[in-house]
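Trainee: I'm new to this one. Please take me through it step by step.

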2 protein chains.
Amino acid sequence: MLEVELRRNTRQKRVILQSVEQLGCHPTAIQIFSAVRKVLPRTSLSTVYRNLGILVDQGKIKAVKGTGTEIHYDHNTGEHNHIKCKVCGRVCDVNIEPVDIDTLNSEAVSNFVVLEVCMNILGICPECAEQLEREKTQ
Amino acid sequence: MLEVELRRNTRQKRVILQSVEQLGCHPTAIQIFSAVRKVLPRTSLSTVYRNLGILVDQGKIKAVKGTGTEIHYDHNTGEHNHIKCKVCGRVCDVNIEPVDIDTLNSEAVSNFVVLEVCMNILGICPECAEQLEREKTQ
DNA sequence: ATTCATAATAAGAACTATTCCTAATATAGA
DNA sequence: TCTATATTAGGAATAGTTCTTATTATGAAT
C-alpha cells in the first residue's frame, strides 16, 4: 500500500493559485498577498509564501528569481525568459530562443555540470519609456 | 571653474580594492570584509559595502547580481557571464558568446528598451561533482 | 609643519524579503 | 459526527544590505 502524501485542499491555497493566475504579469509574494486578502482578509503572509512554495514544487507555477531582490511568480510554466523594467519593476515574458543546456554541457563550460540557465534582461517598458520622453520634452 | 568631486584616498578603500583583486574568484562582501580585517582589523562591514559601491560606480570592479541572494564582486570588468556551483556556492567566469543588446533592441523584445542582459548559469563545479561521485560509489 | 573643513569611518540600528516557530484551527477520512 | 493531523495566523528570526550618527582622518590651504 502506497503511503499517500496528504495534501489538504484549503481555501487559502485555492485563492493563492487563482491570484497568481488572475494577476497575470508575474506578481511578487506581497502583490499576491494583498490580492488574496481581498477574498480571505485574515490570510497571513507566511501562508502565502508556504503555499507558493508548494505550488512551485507541484509544478503548477514557476518562481522567477534573479530579476532583483524579490521573487516573482509565474503561472506560465513553459520555458521562457523574462525582462524587468528598471523604472516600474514589472516583469514581462520574452521570447528569445532559450540557451540549450545540453549544448553548454557538451562545450564543457568551465568544466561545470550545467543544470539551469536563466537569462535576465533589464530594460525600460514602453509605458515608462513614453513617460520619460514626455518629461524630457516638457 | 569646475566643481571637483573630492574623493579621499583612504587606507580602507585601497585595501578593499586590493582584496577584491587578490581574492580572485568573485568574493562576496563578507569574504572581502574578513580579508580586509586581516590588514585593518577595525574595518566595519558598512565601510566595505560603501566602498564596494563607490568602486562599482567608478567602474573599477563589477557587481555580480542574480546568482542568488548575495552580491559577488568581480575585478574583471570586461563583459562575460558567470556560473554558480549549486553545492559550494562559488561563482566562476564563463565564456559563452554574450547576447548582443543591439540585436535584442532591433528585434523589439516586448517593446522594451533593452539595457542589460545577464546570463545566470547554475551547475556543479568539478570539485563538488567529483566529491558527489565519490560519495555515491562508496 | 599646522590648521581646518569636511569626507569617510566604526558601530550598530533599520530595512527588506523570506523562512521559521507555535498554539489554534479546519480539513478529510473513518 | 468524531478525530488525527495538516494547515493556519501571528509574529519572531534570519540574511544580506543600507542607513544613521558621533568620531576620525584626509588633504588643501595656510
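Trainee: What volume does the second largest pocket have?
Mentor: This is a predicted model, where local features need pLDDT of at least 70 and side-chain atom pairs 80 or more, while totals for chains, interfaces and linings use all residues. Residues count from 1 along each chain, chains are lettered from A and ligands numbered from 1, as written, and side-chain values use heavy atoms, without hydrogens and water. A pocket is an open set of 1 Å grid points where a 1.4 Å probe fits, with protein on both sides within 12 Å along at least five of seven lines. Filling the second largest pocket with probe spheres set on its points gives about 360 Å³.

Trainee: Which residues lie closest to the centre of the second largest pocket?
Mentor: Its lining, meaning residues with an atom within 4 Å of a point, holds 17 residues. Helix 4 (101-106) of chain A and helix 4 (101-106) of chain B (DSSP runs, at least four residues for a helix, two for a strand) each give at least two of the lining residues. Closest to the centre, though, are Glu97(A), Val99(A), Glu97(B), Val99(B) and Met119(B).

Trainee: Which three residues supply 23% of the area that chain A buries against chain B?
Mentor: Chain A and chain B bury about 2,400 Å² (accessible area lost to a 1.4 Å probe, summed over both), with 71% of it on carbon and sulfur atoms. On the chain A side, no other three residues supply more than Phe112(A), Leu115(A) and Leu122(A).

Trainee: Which element gives the largest share of the side of chain A that touches chain B?
Mentor: The contact (heavy atoms within 4.5 Å) takes 31 residues from each of chain A and chain B. Strand 3, strand 4, strand 5 and helix 5 of chain A each supply at least two on the chain A side. With 12 residues, the largest share comes from strand 5.

Trainee: How many salt bridges are there between chain A and chain B?
Mentor: Over all chains there are 6 (Lys or Arg side-chain nitrogen within 4 Å of an Asp or Glu carboxyl oxygen). Glu127(A) and Arg90(A) make one, with closest N and O atoms 2.5 Å apart. Glu127(A) sits in helix 5 and Arg90(A) in the loop between strand 3 and strand 4, so the pair ties together parts 37 residues apart in the sequence of chain A. Between chain A and chain B, the count is 0.

Key. Buried area = accessible area lost by both parts, 1.4 Å probe.
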